[in-house]
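Subject: Structure handover

Hello,

Here is the structure for you to look at. My notes on it follow below.

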Amino acid sequence: MTQRIATTSDIDTLIELRIAYLTEDHGALSADTEAKLRRQLPDYFRRHLGSDLRAFIAEENGEAVSCCFLLVTEKPAGPRFPDGLTGTVLNVYTRPDYRCHGIAGQLMKKLLAEARELRLDYVELKATKGALKLYKSIGFEEVFSKYTEMKFTL
């Protein structure tokens, strides 16, 4: 098993892993939604990979079996992020046949090492109940806030 940071030559693989993750997380995607994803993702990865997006891949016999993404965001500095740089973990995914072997944990450790090298103030993620144990085992802590997470859909 090899683990490495993805490059632009991995874009097709990253798209397949992203769609597999989204399908598992949200259920079957409509043909229209999947087509939109396949149109948007190549350009997104070309523009962001290696810049404000780092993707990590685990491979066995040349096949990508797991991945995770680190999205770096620059913000105006504040008490929680005095250097103005934070990270968000996205798309932690391992193909079903390779789960429970520590692969995602190893990739997450590489991701966190990269975050330290980039001097991020913190790295955050949203965890499913099934992944809490993994994230806590590598040092993530639950966050309780006086703020309520909200969004406005356009």
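One cut-off first: a residue counts as exposed when its relative accessible area is over 50%, and as buried when that area is under 20%. Cys100 has 83% relative accessibility, so Cys100 is exposed. Please keep in mind that this is a predicted model.

**Two residues with positive phi**

Cys100 belongs to the loop between E4 and helix H3 (103-117). Its phi is positive, about 65°, although Cys100 is not a glycine.

Which other residue that is not a glycine has a positive phi, of about 50°? That is Asn61. Asn61 sits in the loop between E2 and E3. Its relative accessible area is 80%, so Asn61 is exposed too. E2 and E3 form a hairpin there, with two residues between them, and Asn61 is in the turn.

**The sheet**

Five strands make up an open sheet. Their order is E1-E2-E3-E4-E5, and the pairing is mixed. Strand E1 (2-5) and strand E5 (122-124) are at the edges. Each has a single partner strand, so one side of each has no neighbour in the sheet. On average, neighbouring strands are turned by 20° against each other, direction ignored.

Here is the pairing, strand by strand:

- E1 and E2 run antiparallel and are joined by four bridges. Arg4 has Ile57 in E2 as its bridge partner. Gln3 is bridged to Ala58 in E2.
- E2 and E3 are also antiparallel, over eight bridges. Glu60 is opposite Glu63 in E3. Leu53 has Leu71 in E3 as its bridge partner.
- E3 and E4 run antiparallel, joined by eight bridges. Leu70 is bridged to Val89 in E4.

How enclosed is E2? Seven of its eight residues are buried, so E2 is largely enclosed by the rest of the structure.

**Arg54**

Take a look at this residue in your viewer. Arg54 is in strand E2 (residues 53-60). Is Arg54 buried or exposed? Its relative accessibility is 13%, so Arg54 counts as buried.

What do the polar atoms of its side chain meet? One of them lies 2.5 Å from the backbone oxygen of Ser51. The Arg54 side chain also makes a polar contact with the side chain of Glu114, at 2.9 Å.

Leaving aside residues up to four places away in sequence, Arg54 touches Ile5, Cys68, Phe69, Leu70, Glu114 and Leu118. Two of these names come up elsewhere in this email. Glu114 is the polar partner just mentioned. Leu70 is the residue bridged to Val89 in E4.

**Helices H1 and H2**

What does helix H1 touch in the sheet? Helix H1 (residues 11-26) packs on the sheet and touches E2, strand E3 (63-74) and strand E4 (85-94). The direction of H1 makes about 80° with that of E4.

H1 also packs against helix H2 (residues 31-48). The angle is about 135°, and the axes are 10 Å apart. That makes H1 oblique to H2, because angles over 115 and up to 145 degrees fall outside the perpendicular and antiparallel ranges. The crossing of the two helices is right-handed.

Which residues meet at this contact?

- From H1: Ile11, Leu14, Ile15, Glu16, Arg18, Ile19 and Leu22.
- From H2: Glu34, Leu37, Arg38, Leu41, Pro42, Phe45 and Arg46.

**Asp43**

Asp43 is found in helix H2 as well. At 35% relative accessibility, Asp43 counts as partly exposed. For a distance across the model, take Asp43 and Gly105. Their C-alpha atoms are separated by 29 Å, and the two residues are 62 apart along the chain.

**To sum up**

The frame is an open sheet of five strands with mixed pairing, and H1 packs on it. H1 and H2 cross at about 135°. E2 is largely enclosed, with seven of eight residues buried. Arg54, in E2, is buried at 13% and has a polar contact with Glu114. Asn61, by contrast, is exposed at 80%, and Cys100 is exposed at 83%.

Best regards

Note on methods: Residues are numbered from 1 along each chain as its sequence is written. This is a predicted model: local features need pLDDT of at least 70, side-chain atom pairs count only at pLDDT 80 or more; totals for chains, interfaces and linings use all residues. Side-chain values use heavy atoms; hydrogens and water are left out. Buried means under 20% relative accessible area, exposed over 50%, partly exposed in between (1.4 Å probe, protein chains only). A polar contact is a pair of N or O atoms within 3.5 Å; within protein, one must be able to donate a hydrogen and the other to accept it, and residues adjacent in sequence count only if both atoms are side-chain atoms. Contact means heavy atoms within 4.5 Å. Two strands pair if DSSP finds at least two bridges between them. Axes are lines fitted to C-alpha atoms, for helices over the stretch in contact, and angles run from 0 to 180 degrees between N-to-C directions. Angles under 35 degrees count as roughly parallel, over 145 as roughly antiparallel, 65 to 115 as roughly perpendicular and the rest as oblique. A crossing is left-handed if the near helix is turned anticlockwise from the far one by less than a right angle, and right-handed if clockwise.
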